[in-house]
Amino acid sequence: MARIIAVANQKGGVGKTTTAVNLAAALAAAKRKVLLVDLDPQGNATMASGVDKREARPNGCEVLLDEAPIEQAIVATEAHFDLLPGNGDLTAAELKLMDALARESRLKEQLAKIADKYQTILIDCPPSLHLLTLNALTAADGLLIPVQCEYFALEGLSSLLETVKAVRQRLNPALEIEGLLRTMYDVRNNLGNEVSTQLTEHFGDKVLRSIIPRNVRLAEAPSHGQPIHLYDRSSRGAIAYIGLAGEIIRRERGAQAAVNALHDMHDDGVHEEVVDTAAYLHQEH
């Protein structure tokens, strides 16, 4: 049965879609069966995965409205993970679901039909706390929160954590925080270092050890319709997401399983120095 992880933050521009796409690719490279669900009407995760959001039919909209089987909407990607595409139609789906019974559970019901085919299902959420995001949180086992290390980072988290508390009480008692992921991090930036320290003080071990740096190649990859793993696997961004995949696996299975998966990635063609760097990041000291 798949572990379902929602990637969410109501604050835009924090690397949420970048994280969803590149984590999906990194986990797929580690021989895991992965489904990425693009639940954002902007469809950025769909385009960044190499799928044209304008031609994706059926897509997440039809699935949520129960107008098409989820199996027919899922497509394979070049990076070896599966994708449930999303586009602007999801806005219409959200409006149509407003008066529907159990409207927050539509995605959960659909994912239950194919959950046994995957080990990990990632959901890229829109930058809001409306019905689509509630569907993701109701379906998810864990919540991964990308956080940009800037002045308003902690303030933006409060609304999301209140929503998580409400979802636990009403819809999904099993929902847990998978982790807070520091993104767009520049070690030379004093403010970034201060915010990183504050996050650790407030959330302790919920702050993931993996850190995603500011990286030009990482920013370029979506315009080519490729995850960073395919676009430039030797870049700092690629190394960081390989490390994140290892940390996610380590949290599920233990440290040794993560290192083994990282070395599987080497067998799959990832440069040895990249794997060694990522494996080192997840050794127990």
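Here are some questions and answers about this predicted model, starting with its sheet and moving out to its loops and salt bridges.

Q: In what order do the eight strands of the open sheet stand?
A: Strands of a sheet pair through backbone hydrogen bonds, either parallel or antiparallel. In this structure the pairing is mixed, and the sheet is an open one. Reading across it, the order of the strands is 3-4-2-5-1-6-7-8.

Q: Which strands stand at the edges of the sheet?
A: A strand at the edge has a single partner strand, so one side of it is left without a neighbour in the sheet. Two strands fit that description: strand 3 (75-76) and strand 8 (207-213).

Q: How many bridges pair strand 1 with strand 5?
A: Strand 1 covers residues 3-7, and strand 5 covers residues 120-124. The two run in the parallel sense, and one example of their pairing is Ile 5, whose bridge partner in strand 5 is Leu 122. The number of bridges between them is five.

Q: What is the bridge partner of Ala 6 in strand 6?
A: Strand 6 (residues 142-148) runs parallel to strand 1, and three bridges join the two. Ile 5 of strand 1 stands opposite Gly 142 in strand 6. For Ala 6, the partner in strand 6 is Leu 143.

Q: How many of the five residues of strand 1 are buried?
A: Buried here means a relative accessible area under 20%. Strand 1 is mostly covered. Of its five residues, the number that are buried is four.

Q: At about what angle does helix 12 run to strand 8?
A: Helix 12 (residues 236-253) lies across strand 1, strand 7 and strand 8. Helix 1 (16-29) also lies across several strands, including strand 1 and strand 7, and runs at about 165 degrees to strand 5. For helix 12 and strand 8, the angle is about 165 degrees.

Q: Is Leu 83 buried or exposed?
A: Leu 83 has its place in strand 4 (residues 82-84). Among the residues it touches are Leu 35, Leu 36, Val 51 and Ile 74. Its relative accessible area is 0%, so Leu 83 is buried.

Q: How far apart in space are Leu 83 and Thr 46, C-alpha to C-alpha?
A: Along the sequence, Leu 83 and Thr 46 are 37 residues apart. Thr 46 is nevertheless among the residues that Leu 83 touches. From C-alpha to C-alpha, the distance is 7.4 Å.

Q: Which residue does a cis peptide bond join to Arg 57?
A: Most residues other than glycine have a negative phi, and most peptide bonds are trans. Here, however, omega is about -10 degrees at a bond that follows Arg 57 in a cis form. The partner is found in the loop between helix 2 (44-48) and helix 3 (60-64), and its name is Pro 58.

Q: What is the phi of Lys 31 near?
A: Lys 31 lies in the loop between helix 1 and strand 2 (34-38). With a relative accessible area of 48%, Lys 31 is partly exposed. Its phi is positive although it is not glycine, and the value is near 70 degrees.

Q: Where is Ala 102 found?
A: Ala 102 has a positive phi, near 50 degrees. At 43% relative accessibility, Ala 102 counts as partly exposed. Its place is the loop between helix 5 (89-97) and helix 6 (106-112).

Q: Why does the salt bridge of Lys 16 and Asp 124 tie together parts distant in sequence, and how many residues apart are they?
A: The side chains of Lys 16 and Asp 124 meet in a salt bridge, 3.2 Å from N to O. Lys 16 lies in helix 1 and Asp 124 in strand 5, so the pair ties together parts whose separation in sequence is 108 residues.

Q: Which residue forms a salt bridge with Arg 32?
A: The structure holds 12 salt bridges. Arg 32 counts as buried at 8% relative accessibility, whereas its partner is partly exposed at 30%. With the closest N and O atoms 2.8 Å apart, that partner is Glu 252.

Technical notes: Residues are numbered from 1 along each chain as its sequence is written. This is a predicted model: local features need pLDDT of at least 70, side-chain atom pairs count only at pLDDT 80 or more; totals for chains, interfaces and linings use all residues. Side-chain values use heavy atoms; hydrogens and water are left out. Buried means under 20% relative accessible area, exposed over 50%, partly exposed in between (1.4 Å probe, protein chains only). Two strands pair if DSSP finds at least two bridges between them. Contact means heavy atoms within 4.5 Å. Axes are lines fitted to C-alpha atoms, for helices over the stretch in contact, and angles run from 0 to 180 degrees between N-to-C directions. A salt bridge is a side-chain nitrogen of Lys or Arg within 4 Å of a carboxyl oxygen of Asp or Glu. Lists of a residue's contacts leave out its neighbours within four places in sequence.
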